[in-house]
Amino acid sequence: MGTEHIRNFSIVAHIDHGKSTLADRMLELTGSITDRDRQEQMLDSMDLERERGITIKASAVTMKYELDGKEYMLNLIDTPGHVDFHYEVSRALAACEGALLVVDASQGVEAQTVANTYLAVETGAEIIGVINKIDLPAAQPQVVIEEVEHAIGLSKGECFPISAKSGEGVGELLRAVIQLLPPPEDHSDEPSSALIFDANFNDYRGVICYVKVVGGKLRTRQKIRLMGTGRTYVISEIGKFAPQMTAVDELGSGEVGYVIANIKELADVTIGDTITDDANPAEKPLPGYQPPAQMVFSDFYPGNNTDYPKLRGAFEKLATNDSSFTFTPQSSPALGFGFRCGFLGLLHMEIVQERLEREYDIDVVQTAPTVSYEVITKDGETIRIDSPSMLPDPSHIEALKEPYVRLEIITSSDTIGGIMTLAEGKRCQLIKTDYLSKTRVLLEYKAPLAEIVYDFYDLLKGISHGYATMDYELIGFEKSNLAKVDILVNKKAVDALSVILHRSNAEVRGRKLLQKLRKAIPKHQFEIPLQAAIGGKIIARETIKAYRKDVTSKLYGGDVSRKMKVLKKQKEGKKRMKSIGSVQIPQEAFMSILDTSD
Ligand SMILES: Nc1nc2c(ncn2[C@@H]2O[C@H](COP(=O)(O)OP(=O)(O)OP(=O)(O)O)[C@@H](O)[C@H]2O)c(=O)[nH]1
């Protein structure tokens, strides 16, 4: 059978514009789910995802739909909407010939909508515009269609107004998917080749690879080879998500499904790799795509040193389920043995932190996240560092480079002033201003990643009353006037607190950091000087006055058991602390750098 009856497509959108609701409605309309109440949104399968209302992992489902007496196979590949998970969007798009670009009719085009469109255009996917939530009183489908025309270049005939909630227009949209999106190319007479576009780990089944078959076919009991590693396996089960895992005998050219082949660890599979037949291999692997880049790094130390093996075990487990999370052993004179962890962004970091606390109950101290830097040494060597403590001695440094991004912000025109002030304060250079409509503007900046990765998004949301959206893409490393700022607590440099700052604001930021530390470190029985220094020169100082906090003094003697309870509570509160010399530093202090507000 050829491939004309197949359509592989993704739904891409800004967060909350209704991807999952639309996917759900499509599953319902095609009869793929009958028991509507079983799960609110079939595609968001992880608890954490549902709680946070975001989609973390791309999933794929196969639906059947009949049009003009012909049955079609529609493979829908879900994608996440948050900036941190950009690479997962390109990974999903690599398996598609088309994409539905969902835009909320009451919100309009957002920064991620534009960014996702670029990704779709790059992979050669055809795009259909979907104007969702037309049932809302605030919906302005006509205005939004014009924005889509202007920002994305789609014509009116390529935009479909729908309500994913009520189902209005979704039938027409399914027909458009068949009529407007191309089928996959037919390579059924070639040797087997399949693109692995995602993989996850299941305790009972081992590694499950999500694949799109391009050449020939894949069948059960076939001996396959992963072209990247050269390792061979035998397929034990092959199937489709319909939406439950449903085993089939084979997957043909153009089809999307899963492969289970006794692969023990997620680390054995590279997303983007090609599966081929071991006896009759494809000549060359299918084009892959950029592997995910870790954008922020942070050190995790066990609160109690004996917990080190437990922490390592937890990270190993976490990494089997999340190939974009990395960890390497690290040691700090101040904090002992721990791990340097790499994340796609801050949200990704928070998700890992939360899992660590929820699933493993390990008491950890975490250092403030930082971006990577490049050091050009006096010998002309370039070294990549992802922790201020890894910086070589200043006498060996010729220059420092920091990562820059292309930053796009979409906002309403009345908030431009505030946003420009914010961006200037963060060393961003305005590249262009583009009016999408009378009231909505796209601002493009060249920005240092370090300035926007922490609290920029929150500040932007604050200034724009929640309306502005942003997205960014790494463009490379550039020379910058940076300095390592050491933080001394009680005259002792604490490596885990040191930061790399731009010299133009090192003094101001250094002082703010000390002020935050002064509040975060509890008073001791002695006075504690706090100092910020660049290469031995003190640039700011603060003092924590001596005081002994007697938490039981308020209890007026009397009830001993109550007194004991309070003391116990205080002891527990102390758990997430590290002793540096004779000073107890709580977890919040290490994160003080994150908060650059006043
Ligand atoms: N009124 C109305 N609400 C909708 C419609 N479609 C989605 N919603 C609501 O919009 C919110 C976000 O929808 P989701 O489907 O979770 O959005 P999403 O794009 O999948 O979001 P992420 O998975 O977090 O990226 C939910 O509260 C939905 O109930 C619609 O057509 N009309």
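## Overall picture

Helices here are DSSP runs of H or I with at least four residues, strands are E runs of at least two, and both are numbered from the N terminus. With that in hand, Asp-68 sits in the loop between strand 2 (60–67) and strand 3 (70–78). We'll come back to that residue below.

What you're looking at is a predicted model. The protein chain has 14 helices and 33 strands. It runs to 598 residues, and 45% of them count as buried. Take the contacts between residues at least 6 apart in sequence: 70% of those join residues at least 24 apart.

## The annotated binding site

An unreviewed UniProt entry carries a "binding site" annotation, and Asp-16, His-17, Asn-132 and Lys-133 are among the residues it covers. Asp-16 belongs to the loop between strand 1 (6–13) and helix 1 (19–29). His-17 is in the loop between strand 1 and helix 1 too.

Are these two residues buried or exposed? Asp-16 comes out as partly exposed, because 14 other C-beta atoms lie within 10 Å, and the cut-off for buried is 20 or more. His-17 has 28 other C-beta atoms within 10 Å, so that one is buried. Leaving out residues up to four places away in sequence, His-17 touches Val-102, Val-103, Asp-104, Gln-107 and Asn-132. Of these, Asn-132 also appears in the UniProt "binding site" annotation.

## Helix 4

Helix 4 covers residues 111–122, twelve residues in total. From first C-alpha to last, helix 4 reaches 17 Å, which is close to the 16 Å expected at 1.5 Å a residue. Its buried residues are Ala-111, Gln-112, Thr-113, Ala-115, Asn-116, Thr-117, Leu-119 and Ala-120. After helix 4 comes Gly-124, with a positive phi near 85°.

## An open sheet of eight strands

Eight strands build an open, antiparallel sheet, and their order is 11-10-16-7-8-15-12-13. The edges belong to strand 11 (232–234) and strand 13 (245–248); each has a single partner strand, so one side of each is left without a neighbour in the sheet. From one strand to the next, the twist averages 40°.

Which strand partners strand 13? That would be strand 12 (residues 237–241), joined to strand 13 by four bridges, with the two running antiparallel. If you want a pair of residues to look for, Phe-241 stands opposite Met-245 in strand 13.

## The 30–31 hairpin

Strand 30 (residues 528–534) and strand 31 (residues 537–544) pair over seven bridges in the antiparallel sense. One of the matched pairs is Pro-529 with Thr-543, the latter in strand 31. The two strands form a hairpin with two residues between them. In the turn, Gly-535 has a positive phi of about 50°.

## Positive phi outside glycine

Which residues other than glycine show a positive phi? Asp-68 is one of them, with phi near 50°. Lys-491 is another, at a phi near 75°.

Both can be placed in loops. Asp-68, as noted, lies between strand 2 and strand 3, while Lys-491 lies between strand 27 (482–489) and strand 28 (492–493). Asp-68 has 6 other C-beta atoms within 10 Å, so it's exposed. Lys-491 counts as exposed too, because there are 10 C-beta neighbours inside 10 Å, and exposed takes in 12 or fewer.

## Around strand 18

Just ahead of strand 18 (326–332), Ser-324 has its place in the loop that follows helix 7 (308–321). With 19 C-beta neighbours inside 10 Å, Ser-324 counts as partly exposed, because buried needs 20 or more. How far apart in space are Ser-324 and Phe-343? C-alpha to C-alpha it's 6.9 Å, for a sequence separation of 19 residues.

Gln-330 is in strand 18 itself. Gln-330 has 21 other C-beta atoms within 10 Å and is therefore buried. Setting aside neighbours within four places in sequence, Gln-330 is in contact with Asp-299, Gly-338, Phe-339 and Arg-340. Cys-341 is eleven residues from Gln-330 in sequence, and their C-alpha atoms are 9.4 Å apart.

Technical notes. Residues are numbered from 1 along each chain as its sequence is written. This is a predicted model: local features need pLDDT of at least 70, side-chain atom pairs count only at pLDDT 80 or more; totals for chains, interfaces and linings use all residues. Two residues are in contact if their C-beta atoms, placed from the backbone, lie within 7 Å. The expected span of a helix is 1.5 Å times one less than its number of residues. Two strands pair if DSSP finds at least two bridges between them. Axes are lines fitted to C-alpha atoms, for helices over the stretch in contact, and angles run from 0 to 180 degrees between N-to-C directions. UniProt positions are given in the numbering used here, feature names are shortened, and annotations may be inferred rather than shown by experiment.
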